[in-house]
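Here are my notes on this entry. Please read them with the structure open.

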Amino acid sequence: VTTFAEQATRIANLLQETPSNDTVARYLMQHQDELSRLARSKYFGQITWYQAIQGQALYVLPDNIIEVCHVLYNQKVLRYVTEQTLDYSGNVRSWEANTGEPTYWTLDNQVLNEVRIIPAPMRTGSAVPSPTFLPMYQDMKDNLLVFTYEDVALEVTNVDSVIPTLLDWEDMLVFASVQALALQEYPEQNIPLAQNCAALLKLWMSYAA
Amino acid sequence: MTLSDLLQRMNIKLGEQSTFYPEEEKVASGINPAQRLLCLAMPLLLQKRALLTIQPDQIFTDLRTITPTIRTINRVVLGDVTTSHSDPVAWTGELTRLLPTTLQRLGGMADWMEQTGPTRKYWLHGPYWFGLFKRPMITLYVTIIYEAMPPVLSVHELSAVPDIPQAYHPLIADIATGLLLQKEGDIEGKRGLALIMGALEGLKL
């Protein structure tokens with residue numbers, strides 16, 4: 001397990017700076033940006049259980065979701081659909097009023113990070129945990145299971161935060177952060193270091209891809 | 001070659017500058033990233049096996065809880081193939097290779113998660129989430145053969161030996177030296193890059 005403190009030390013060593021509150025805050029911000037860049041390439045998969053509620057169509061996902069890729073209700077796959085498709089599909093013009101066995105999900109025209117289940121479920125699923133449902137301990141019957149990609153950058157908030165990537169990516173995050181920091185318009189700007197870190201990053205990526 | 005030997009080699013390459021290059025930095029910013037880069041460049045240097053026990057209700061597994069060193073799955077085999085002698089069990093299909101599939105493909109079957117029966121495939125979500133299709137009806141053993149990351153070395157264990165073959169240990173020192181030279185500016189930084197590229201030359205052949 002690597003903490004941000006270890007990453008900050010490596011960054012400070014390369015930049016030849018003595019870590020202070022100000023510099024570590026700069027490192028942290030840059031590191032979060034680089035983690036978000038990695039997250040946008042769908043690196044951090046997540047599987048999350050949600051309790052389905054009778055008649056409730058909208059479910060709020062965490063703020064850090066990058067993409068929803070797969071939704072199951074009652075262990076059955078829900079199909080992605082746009083609102084326009086539902087509007088023009090003839091016999092379900094009042095689809096928002098319906099309840100029934102969920103068939104579709106959509107993010108189309110929804111508030112940020114809200115997923116709509118269509119039709120809204122008829123039953124409320126159990127939220128009672130059970131040791132037999134591994135590894136979640138939550139009952140999937142009449143409940144939702146959502147496969148997403150998430151951005152973990154905001155979980156790295158201070159020097160004690162654990163870096164949530166594989167160690168190879170930690171190396172790349174260091175080089176990417178140093179590259180960006182060395183280019184900033186400070187008196188310590190160090191363009192050769194930035195160029196060398198860009199070369200190292202390219203080298204690592206050529207093998208990791 | 002122990003960590004102590006590697007540090008000694010780096011000392012010589014860096015001109016015995018122990019003030020500018022403290023040992024902690026040599027290990028954390030040099031040797032550890034260097035051995036990881038070597039394993040990235042040549043995955044055959046470190047392949048490992050992990051045995052998973054999958055229970056019937058276990059829909060997916062977080063591989064980080066099994067082994068924190070996993071990087072990429074190469075093969076998945078039903079049964080235990082971690083030892084030199086393994087017994088095939090015909091009725092569960094043990095010792096057959098499981099084929100990879102994707103959530104997108106599985107999504108073509110509305111009830112894929114509920115399906116139980118002979119397990120023939122595995123799926124991944126992101127680099128860590130691992131599941132089987134179909135779900136087993138009894139507890140199964142699955143062997144994952146994967147490209148591993150080398151264990152992190154610590155300056156407090158100077159007698160530790162890197163987990164990759166000894167013939168490649170001098171390359172760790174070369175790459176680590178190249179990485180440390182980056183902070184010295186333009187000319188030394190470029191010299192460091194050349195050291196790293198020289199060490200990696202021909203590794204993929």
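How does the radius of gyration of chain B stand against that of a compact globule of 205 residues?

1. Overall dimensions. The model is a predicted one. Chain B has a radius of gyration of 22 Å, whereas a compact globule of 205 residues would be near 17 Å. Along the principal axes, the C-alpha atoms of chain B fill a box of roughly 65 × 35 × 30 Å.

2. Secondary structure. Six helices and seven strands make up the elements of chain B. Read from the N terminus, their order is α-α-β-β-α-β-β-α-β-β-β-α-α. The chain thus opens with two helices and ends with two helices.

3. Burial and contacts. In chain B, 52% of the 205 residues count as buried. Take the contacts in chain B with a separation of 6 or more: 66% of them join residues 24 or more positions apart.

4. Surface and charge. Chain B exposes an accessible surface of about 9400 Å². Carbon and sulfur atoms account for 55% of that area. Chain B carries 19 positive and 20 negative charges, and the mean positions of the two sets lie 8 Å apart.

5. Cysteines. A disulfide covalently links the sulfur atoms of two cysteines. With a cut-off of 2.5 Å between sulfur atoms, the count over all chains is zero disulfides. Two cysteines deserve a look for their surroundings. Cys39(B) is buried, because its relative accessibility is 1%, under the 20% limit. Cys69(A) has a relative accessible area of 29%, so this residue falls between the 20% and 50% limits and counts as partly exposed.

Conventions: Residues numbered from 1 in each chain as written. Chains lettered and ligands numbered in written order. Predicted model: local features only at pLDDT ≥ 70, side-chain atom pairs only at ≥ 80, totals over all residues. Heavy atoms only, no water. Buried < 20%, exposed > 50% of the residue type's maximum accessible area, 1.4 Å probe, protein only. Helix = DSSP H or I, 4+ residues; strand = E, 2+ residues; numbered from the N terminus. Rg over C-alpha atoms; globule rule 2.2 N^0.38 Å. Contact = heavy atoms within 4.5 Å. Areas by Shrake-Rupley, 256 points an atom, 1.4 Å probe, with all protein chains shown as cover. Lys, Arg positive; Asp, Glu negative; His and termini not counted. Charge placed at Lys NZ, Arg CZ, Asp CG, Glu CD.
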